[in-house]
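Reader: Please take one part of this model and go through it closely, with the cut-offs behind each term. I would like to see how that part sits in its surroundings.

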Amino acid sequence: MNQPLLHHKFPELVSRLPYVRLGTAPTPVRRLDGLGSRNRLWLKDESVFGDGGWGGNKVRKLEWILPDVLARKSRRIITVGGLGTNWGLATALYAKRFGIGTALALIDQPVDDHVRAQLERLRRSGATLHLTRNKARTVACAPWLMLRHTRGGRLPYYLPPGGSSPVGALGYVEAGLEIAAQVEAGDIPEPAHVVAAVGSGGTAAGLLLGLRLAGLRTGVVAVVVNDTLPLGPREIRDLAGRTETLLRRRGAKLGDIDLTSGKLTVTREYLGPGYGYATAEGRAAQRVGLEHGIPLDPVYTAKAFAGLLEIDAKTLVDDGPIVMLDTFGPRPD
Ligand SMILES: Cc1ncc(COP(=O)(O)O)c(C=O)c1O
């Protein structure tokens, strides 16, 4: 289906909220047989979302962001990430197809083989790279960067880290509606919780809103993997609220939504020493993942998977099915 569920549910948005299909939906769901204590673990494989099957959760955000850039007549995006940013790479490669250039301000993170290889891909992507090193320098350079990338009198389209603007979060509002459709179709039981890695918050915030819009009671377990941004329940709910406001401003008749009613569990237990540092629990989770045919990356999904396994084993959340969102997308080489 080429129409997003969001347009299907709120037809009044069709002409007011542009969208471009970049991935194949719905993404597959499967029970993780033989894993966990009570056979209640499921996986929604976001890793295959994207043209040619790569990109993961970033591509869902870009489906709403890229048409917004074009609608604003901008031809250049500027965004921020770590040296190994998955987000920056996906943006550069997908934006290029629409004639949109990308500039990336890159902040230091621990450099290992995984990050080195990613930097090489970023160099080849055609994006302009600015090694701004840390948050303070990035903020200080921001006015210069905006001017440097102004084209034809138009400022570049600024995207916060991870594309977690309200427009970007719409990608996971859509995924929340998709989960509800999969429940309705009998592909999965209604989840008690969905577990996701949180790097900049757009995925968790979009999900929270999408699940509420779909009328599910499902809670969100947000496994924070980034300590360079404030990412508590307040920030995630705030972004979900700003996304709701965006939908209302574009004319969606949403009815009453109480975002505070949704269960949102935010945990920093699996972060380890900080963003980009592998952890022993993450490595153990990667091994378990591989045994079940799930490749996990050390920065995001291994930590979320470690959270999933422990939450299940220790019964840290109430009973019922738990769905892990596998947001890791393989990269083009
Ligand atoms: C593989 C992977 N999973 C999860 C995330 C986190 O998503 P968000 O930034 O929306 O919190 C990212 C962010 O880049 C990612 O690359």
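Author: V220 of β8 has L264 as its bridge partner in β9. Strands β8 and β9 run parallel and are joined by four bridges. Between them the chain passes from β8 through helix α8 (residues 233-249) to β9, a right-handed β-α-β crossover. Right-handed is meant as follows: with the strands pointing away from the viewer, the path from the first strand over the helix to the second runs clockwise. Helices (H or I, at least four residues) and strands (E, at least two) are DSSP runs, numbered from the N terminus, and two strands count as paired if DSSP finds at least two bridges between them.

The model is predicted; local features need pLDDT of at least 70, side-chain atom pairs count only at pLDDT 80 or more, and totals for chains, interfaces and linings use all residues. Residues are numbered from 1 along each chain as its sequence is written, and side-chain values use heavy atoms, with hydrogens and water left out.

V220 also has a counterpart in β7, where V194 stands opposite it. Strands β7 and β8 run parallel, joined by six bridges, and another pair facing each other across them is V195 and V221. Together with α7, these two strands make a right-handed β-α-β unit. Helix α7 (residues 202-213) lies across β7, β8 (219-224), β9 and β10, and runs at about 180° to β8. Such angles run from 0 to 180 degrees between N-to-C directions, the axes being lines fitted to C-alpha atoms, for helices over the stretch in contact.

Six of the six residues of β8 are buried, so the strand is largely enclosed by the rest of the structure. Buried means under 20% relative accessible area, exposed means over 50%, and partly exposed lies in between (1.4 Å probe, protein chains only). G219, V221 and V223 point one way from β8, while V220, A222 and V224 point the other way, and all are buried.

Strand β7 gives a matching count: six of its six residues are buried, so β7 is largely enclosed by the rest of the structure. On one side of β7 are H193, V195 and A197, on the other V194, A196 and V198, and all are buried. β7 also pairs with β10 in the parallel sense, over three bridges, with H193 opposite I322 of β10. I322 is in turn the bridge partner of L41. L41 belongs to β2 (residues 41-45), which pairs with β10 (residues 322-326) in the parallel sense over five bridges.

These pairings belong to an open sheet of six strands in the order β1-β2-β10-β7-β8-β9, with mixed pairing. β1 (29-31) and β9 (264-267) are at the edges with a single partner strand each, so one side of each has no neighbour in the sheet. From one strand to the next, the twist averages 25°. Helix α6 (residues 166-184) lies across β1, β2, β7 (193-198) and β10, running at about 130° to β2.

Helix α8, the one in the crossover from β8 to β9, contains T243. T243 has 1% relative accessibility and so counts as buried. Leaving aside neighbours within four places in sequence, T243 is in contact (heavy atoms within 4.5 Å) with P166, A169, L170, V173 and L209.

The wider setting is a chain divided into domain 1 (5-57 + 164-326) and domain 2 (75-155), with bounds from an automatic or database domain assignment. The centres of the two domains, taken over C-alpha atoms, are 25 Å apart. In the contact region, 13 residues of domain 1 meet ten residues of domain 2. About 1000 Å² is buried between domain 1 and domain 2, and carbon and sulfur atoms give 64% of this area. Buried area is the accessible area (1.4 Å probe) that two parts lose on being put together, summed over both. L22, W54 and Y275 supply 43% of the area that domain 1 buries against domain 2, more than any other three residues.
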